[in-house]
Amino acid sequence: MAQPEERRTPSEPRTPSEPRTAREAGDAREPSAARDWTDGHVARWQPVLPDLDPVVEGAVTRMKKLSVHLRRVREQSLVDFDLERHEFDTLHKIAGRGGSAAPSELAQDLDLAPASVSGRLDALEKRGFVRRTQSTTDRRRVVVELTDAGHETWLGAMDVLGHEEYRLLGVLSPEERALLNGMLRRVMVEAESTEPTRHW
């Protein structure tokens, strides 16, 4: 006859061999145990491709979907700030050079012909986002500068994406974010080792 279970005080640990109740198991689950779209995707393809590694497929698919999600947020931010993609890209490159740049530098950064850059700057200047002035050190050189309106518009569009990035990674602890960043760096080092030098 089975003996009644001994009562134990709350401070008494359960030995490793003793099973946990369903409620205890559920309470111990990580929040990440929730299923996402990719779980269904992997489950659907595993019978079709028996050699499919569910971990690799899951990780790669999630990275792809996260990239698409962030791209959609960025595109919506451009709509919200009444910016065309090429306008944002030009403002972004000027901001990345400290708020001012020569047209030739922008042509190099944007991988465009000088005439194309000139057309972009004409449009941005009309909108009050940039101004072109002569260099104080070389009167033959033109300098393109972000105006206050241009800087605020660029920064506003950037903030939308930045807030979403922090929201998503906010589900991880600082230690987990650092670990994720390090692991992704290792993956990218391998990817970049077989790719020509490029700005991702």
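## Arg74 and its salt-bridge network

Arg74 has a relative accessibility of 23%, so this residue counts as partly exposed. In this predicted model, Arg74 makes a salt bridge with Glu75, and the closest N and O atoms are 3.8 Å apart. Glu75 has a relative accessible area of 31% and is therefore partly exposed too.

The pair is worth viewing together with its surroundings: a network of salt bridges links Arg74, Glu75, Arg85 and Asp89. In total, the structure holds 14 salt bridges.

## Salt bridges that reach strand β2

Two further salt bridges bring us to strand β2, which covers residues 130-134. Let's start with Asp122 and Arg132, whose closest N and O atoms are 2.3 Å apart in their salt bridge. This pair links distant parts of the chain, with Asp122 in helix α6 (residues 114-126) and Arg132 in strand β2, ten residues apart. Asp122 is partly exposed because its relative accessibility is 35%; Arg132, with a relative accessible area of 28%, is partly exposed as well.

Next comes Arg131, which forms a salt bridge with Glu145, with 3.1 Å between the closest N and O atoms. Here the link runs between two strands: Arg131 belongs to β2 and Glu145 to β3 (residues 142-146), and 14 residues separate them. With a relative accessible area of 39%, Arg131 is partly exposed, and Glu145 is also partly exposed, at 25%.

## A nonpolar surface patch and a charge over a ring

Moving on to nonpolar side chains, you will find a surface patch formed by Val56, Val60, Met63 and Leu184, with about 310 Å² of accessible area together. Helix α3 (residues 54-80) gives the largest share of this patch, three residues. Val56 is located in that helix.

What lies over the face of Trp37? Lys65 does, at 4.3 Å from the ring centre. As for pairs of aromatic rings, a search of the whole structure finds zero.

## The overall picture

Stepping back, the protein contains eight helices and three strands. Read from the N terminus, the elements follow the order α-α-α-α-β-α-α-β-β-α-α.

Of the 200 residues, 20% count as buried. The protein exposes about 15400 Å², and carbon and sulfur atoms supply 54% of that area. Finally, among contacts between residues at least 6 apart in sequence, 47% join residues at least 24 apart.

Notes: Residues are numbered from 1 along each chain as its sequence is written. This is a predicted model: local features need pLDDT of at least 70, side-chain atom pairs count only at pLDDT 80 or more; totals for chains, interfaces and linings use all residues. Side-chain values use heavy atoms; hydrogens and water are left out. Patches are made of residues with over 30% relative accessible area and no salt bridge: like charges are joined within 9 Å, nonpolar side chains (Val, Leu, Ile, Met, Phe, Trp, Tyr) within 5 Å. Accessible areas come from the Shrake-Rupley method with a 1.4 Å probe; for residues, only the protein chains shown count as cover. A salt bridge is a side-chain nitrogen of Lys or Arg within 4 Å of a carboxyl oxygen of Asp or Glu. Helices (H or I, at least four residues) and strands (E, at least two) are DSSP runs, numbered from the N terminus. Rings of Phe, Tyr and Trp (its six-membered ring) pair if their centres lie within 6.5 Å; planes under 30 degrees apart count as stacked, over 60 as edge-to-face and the rest as tilted. A charge sits over a ring if NZ of Lys or CZ of Arg is within 6 Å of the ring centre and within 35 degrees of the ring normal. Buried means under 20% relative accessible area, exposed over 50%, partly exposed in between (1.4 Å probe, protein chains only). Contact means heavy atoms within 4.5 Å.
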